[in-house]
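This report walks through a single protein chain, beginning with one charged side chain and its partner and then widening to the fold, the interior and the surface. Please keep the sequence and the model at hand while reading.

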Amino acid sequence: MPKGPVELRVGGQTYRVVATAEDADLHRLADVVDDRLRKLTAPGRPVSPQSLLLAALSLAHDLEDEQKRRLRSEQRSREMLSSLLVRIDAALEADSAEALVPEAAASEVGLDDAEVEFDFGPGLEP
């Protein structure tokens, strides 16, 4: 729900804004715009609507660049995680296969663990 108007100072002009955002957030954002405007406007020159537009375009450009960086970072993270999961699955499968090898070898010979007999030689019976 909109609150009462908030006065924001940008480029030497005061603007009354009605928004649902907190006053502190609006002032912080207005300071960002004002800072960009000062960087783009020569000292002592009045701020024109074109200067405000240029500041807005510059900030929009920064936003797009940051979004592209974030998307690339997310994609790299997904790829790395996927690769890691494949490696973990392969390690677990290899570990499972190694654990099954003694059982498979015993079953090929027809021996169970309970039926293993040892020949201790003459006179060396248990």
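## A charged pair in helix 1

In this predicted model, Asp 25 has a relative accessibility of 33% and therefore counts as partly exposed, since that class lies between the buried limit of under 20% and the exposed limit of over 50%. The side chain of Asp 25 meets that of Arg 28 in a salt bridge, with an N to O distance of 3.5 Å. Arg 28 is likewise placed in the partly exposed class, because its relative accessible area is 47%. The two residues belong to helix 1 and stand 3 positions apart, so about one helical turn separates them.

## Overall architecture

The chain contains 2 helices and 2 strands, and these elements follow one another along the sequence in the pattern β-β-α-α. Of the 126 residues in the chain, 10% are buried. Among contacts with a sequence separation of 6 or more, 18% join residues that are 24 or more positions apart.

The chain exposes about 10,600 Å², and 58% of this area is supplied by carbon and sulfur atoms.

## The hairpin

Strand 1 and strand 2, the latter spanning residues 13-17, pair in the antiparallel sense over 5 bridges. Together they form a hairpin with 2 residues between the strands, and Gly 11 in the turn adopts a positive phi of about 60°. Within the pairing, Glu 7 stands opposite Arg 16 of strand 2, while Arg 9 has Thr 14 as its bridge partner in that strand.

The side chains of strand 1 alternate between two faces: Val 6, Leu 8 and Val 10 point to one face and are buried, whereas Glu 7 and Arg 9 point to the other and are not buried. Beyond the hairpin, Val 18 occupies a place in the loop between strand 2 and helix 1. With a relative accessible area of 53%, Val 18 is exposed, because the limit for that class is over 50%. Although Val 18 and Gly 4 are separated by 14 residues in sequence, their C-alpha atoms are 6.1 Å apart in space.

## The nonpolar core

Which residues make up the largest nonpolar core? This core has 7 residues, namely Val 6, Leu 8, Val 10, Leu 26, Ala 30, Leu 37 and Ala 55. Strand 1 (6-10) and helix 1 (23-40) each supply at least two residues of the core, and the strand residues Val 6, Leu 8 and Val 10 are those that point to the buried face described above.

Leu 26 is one of the core residues, and when its neighbours within four places in sequence are left aside, Leu 26 is in contact with Val 6, Leu 8, Ala 19 and Ala 21. Two of these partners, Val 6 and Leu 8, are themselves listed in the core.

## Further salt bridges

A search of the whole structure finds 8 salt bridges. One of them joins Asp 35 to Lys 39, with the closest N and O atoms 3.5 Å apart; both residues lie in helix 1, where they are 4 residues apart, or about one turn of the helix. Asp 35 counts as partly exposed because its relative accessibility is 30%, whereas Lys 39, with a relative accessible area of 61%, is exposed.

In helix 2, Glu 66 forms a salt bridge with Arg 69, and here the closest N and O atoms are 2.4 Å apart. Glu 66 has a relative accessible area of 46% and is therefore partly exposed, and Arg 69, at 43%, is partly exposed as well. These two residues are 3 positions apart in helix 2, so they are separated by about one helical turn. Elsewhere, salt bridges that share partners join Asp 34, Asp 35, Arg 38 and Lys 39 into one network.

## A nonpolar patch on the surface

Nonpolar side chains are also found at the surface, where Leu 81, Leu 84, Leu 85, Ile 88 and Leu 92 form a patch with about 450 Å² of accessible area together. Leu 85, one of the members of this patch, is found in helix 2, which covers residues 49-109. The relative accessible area of Leu 85 is 45%, so this residue is partly exposed; that value also lies over the 30% required of patch residues.

How values were computed: Residues are numbered from 1 along each chain as its sequence is written. This is a predicted model: local features need pLDDT of at least 70, side-chain atom pairs count only at pLDDT 80 or more; totals for chains, interfaces and linings use all residues. Side-chain values use heavy atoms; hydrogens and water are left out. A nonpolar core is a set of buried Ala, Val, Leu, Ile, Met, Phe, Trp, Tyr and Cys residues joined through side-chain atoms within 4.5 Å. Buried means under 20% relative accessible area, exposed over 50%, partly exposed in between (1.4 Å probe, protein chains only). Contact means heavy atoms within 4.5 Å. Accessible areas come from the Shrake-Rupley method with a 1.4 Å probe; for residues, only the protein chains shown count as cover. Patches are made of residues with over 30% relative accessible area and no salt bridge: like charges are joined within 9 Å, nonpolar side chains (Val, Leu, Ile, Met, Phe, Trp, Tyr) within 5 Å. A salt bridge is a side-chain nitrogen of Lys or Arg within 4 Å of a carboxyl oxygen of Asp or Glu. Two strands pair if DSSP finds at least two bridges between them.
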